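Here are some notes to read beside the model, on the enclosed spaces and the nonpolar cores. Please keep the structure open as you go through the points.

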Amino acid sequence: MLGAMIAIRRRQFLKQLGISASALPFLVGLPSLGLASPVRPRQRLVIMFSPNGTIPSSFWPEETGSDFKLKEIMEPLEAFKSRMLVVHGLSNKVRGDGDNHMRGMSCLLTGIELLPGNIQGGSDTPSGWASGISIDQEIKNFLQSREDTRTRFGSLEFGVGITDRADPWTRMSYAGANKPMAPISDPYQMYQKLYGQLNDKENLQSVLDTVREDLKKVSQLVSAEDRRLLEDHETLVRQMEGEIREAGRRKLRVAPPALEEGVSDQNDNVPRLSRMQADLLVNSFVNDMARVATLQYTKSVGQARMNWLDIKDPHHSLTHEPDKDEVAKGKLVKINKWFAGELRYLVDKLAGTPEPGGPGSLLDHTLIVWTNELGKGNSHTLDNIPFVLIGGGFGFQMGRSVKLDNVAHNRLHLALAHAMGHRIESFGKQALCEGGPLKLG
């Protein structure tokens, strides 16, 4: 309605002044004329990942609509039930190379096939990396293309308990085809990225100037394919230059959190590392360093041992036990409930932090999507993948449980993009976008 009123006002303005419609694009940005589109409220997106599927009978609500009850796994989120949207029936329909863990992980946010490659999984078909950009990076690029939503980093990729290896089981964010993005699993390294001071900015700037000139010289001597690689390097140089400028211009609204010292990036420290990363994530939002973030717990086929839950079995191995094994099932419920508790911690922090320069809390302007690479561990199904949305700012009708009929998860990604003003017609594999964005409003 507001958009229609603005359009009418613009037409009346043109008619009164007797000027052509072609001049309008040059005039709408002039504040004194009052023709500019209203500024969109600040919006943020967090995608949280936990691995190896869930226990459907202890996860999905039986009821639909607003009168639904949370099962045991999601009990820690009870206080925020009115701000939740539980979406049952979304499926990863991407097929092709790789096993279900590989496609479950690397196609989760990209919605498109893996490239051919030599990484062997649990099937006869090896694969490479994903062949397209992930939705978090797609939205990040859109926000960074606009002056009013541009931030220092655009997006931040947090990890908890992720091993150093790099393969399709460990990566869900992609800057583009064959461009996996590594999450930062060490909170001290993330702290340095966010708040570290450049001791010799002038010297670094001089080095970048030299590198830029050298790249130009070399580009005239190499093949077209190598020239494209050099262009990627030049892009990195420009990003570094931009970060130097931004670091000098921006002042923190809130001081960095005081991290506990000496917490090594090891299995038994995962609970402490989790809270440290969540604190850094919230602080980065307060200081408007990014509007998009991912929070990845371990990895697909992750074998974390939840000793803090008195569970000695490796996580992934437990998921291979049959349904009739009630002991294994009980342990998996406990593990997934712990992940829900970590999500509750993040939600609590966002809800308790005022929105800088605006009404409400950070949670009012932030949507968290909690998801997984599999629907169920021992069947390795890519159907009914967990998707739980918590928060606000996207215009979705929250406080509901909905059941869909085997809908491609690409359509949820489209809905997220559209809710942030990015009106793309398809995302990932075009054939899986039939029906358009999910109607969640």
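**Cavities and cores**

1. The largest cavity is lined by Ser 50, Thr 54, Phe 59, Ile 73, Asn 336, Trp 370, Thr 371, Asn 372 and Pro 386. On a 1 Å grid over the protein atoms alone, a cavity is a set of points where a 1.4 Å probe fits but cannot get out, and lining residues have an atom within 4 Å of a point.

2. This is a predicted model, in which local features need pLDDT of at least 70 and side-chain atom pairs count only at pLDDT 80 or more, while totals for chains, interfaces and linings use all residues. Residues are numbered from 1 along each chain as its sequence is written, and side-chain values use heavy atoms, with hydrogens and water left out.

3. The structure holds two cavities of 30 Å³ or more, and the largest contains about 50 Å³ of space, where a volume is the space filled by probe spheres set on the points, which are joined across faces, edges and corners.

4. The second largest cavity has about 40 Å³ of space, and its lining residues include Glu 157, Met 172 and Gln 296.

5. The largest nonpolar core (buried Ala, Val, Leu, Ile, Met, Phe, Trp, Tyr and Cys residues joined through side-chain atoms within 4.5 Å; buried means under 20% relative accessible area with a 1.4 Å probe, protein chains only) has 59 residues, and Met 74, Leu 346 and Trp 370 have the most contacts inside it. Apart from this core lies another, of 38 residues, among them Val 87 and Leu 438.

Technical notes. 1 Å grid on protein atoms, 1.4 Å probe; cavity = no way out; pocket = protein on both sides within 12 Å on 5 of 7 lines; lining within 4 Å. Buried < 20%, exposed > 50% of the residue type's maximum accessible area, 1.4 Å probe, protein only.
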